Amino acid sequence: QESLVESGGGSVQAGGSLRLSCAASGRTLRGYVMGWVRQAPGKEREVVAASTWAGRSTYYLDSVKGRFTISCDNAKGTVYLQMASLKPEDTAAYFCAATKYGGNWVNPDYLGRGTQVTISS
């Protein structure tokens, strides 16, 4: 059975760093594009980064380019989101997600339970 379990959220001051991890279980997920989506209170869910397992194709939301890095460890079945130079506007619940190539990140095929990231100014 496929599952996505996030860890690594927390509270840091602006300018700080955090690394989120997502343990992806289930061989089916190897055929999916992996990503991180976030949702702040009162705002729509948005994809911040996505990557194929091989890392040959990646996507970043404009506002996180140069600050966030997504990576996939195929051997460990783990997806990471390294976040640096964090800003208060990065505050949100972050979810690990998986969808078929070209799929819908607002309603992905698989979605973890999320981990909270809070950035204080």
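1. How many aromatic pairs does the structure hold? Just one, where a pair means Phe, Tyr or Trp rings (for Trp, the six-membered one) with centres within 6.5 Å. Before going on, note that this is a predicted model, where local features need pLDDT of at least 70 and side-chain atom pairs count only at pLDDT 80 or more, while totals for chains, interfaces and linings use all residues. Residues are numbered from 1 along each chain as its sequence is written, and side-chain values use heavy atoms, with hydrogens and water left out.

2. The partners are Tyr32 and Tyr110: ring centres 5.4 Å apart and planes at 80°, so they meet edge-to-face (planes over 60 degrees apart; under 30 is stacked, the rest tilted). The two residues are 78 apart in the chain, with Tyr32 in the loop between β3 (18-25) and β4 (33-39) and Tyr110 in strand β10 (residues 110-111). Strands here are DSSP runs of E, at least two residues long, numbered from the N terminus.

3. Tyr32 is buried, at 12% relative accessible area, whereas Tyr110 is partly exposed, at 24% (buried is under 20%, exposed over 50%, partly exposed in between, with a 1.4 Å probe and protein chains only).

4. Tyr32 has another neighbour to look at: Lys100 lies over its face, 4.5 Å from the ring centre. Arg45 lies over the face of Phe95 in turn, at 5.7 Å from the ring centre. To count, NZ of Lys or CZ of Arg must be within 6 Å of the ring centre and within 35 degrees of the ring normal.

How values were computed. Helices (H or I, at least four residues) and strands (E, at least two) are DSSP runs, numbered from the N terminus.
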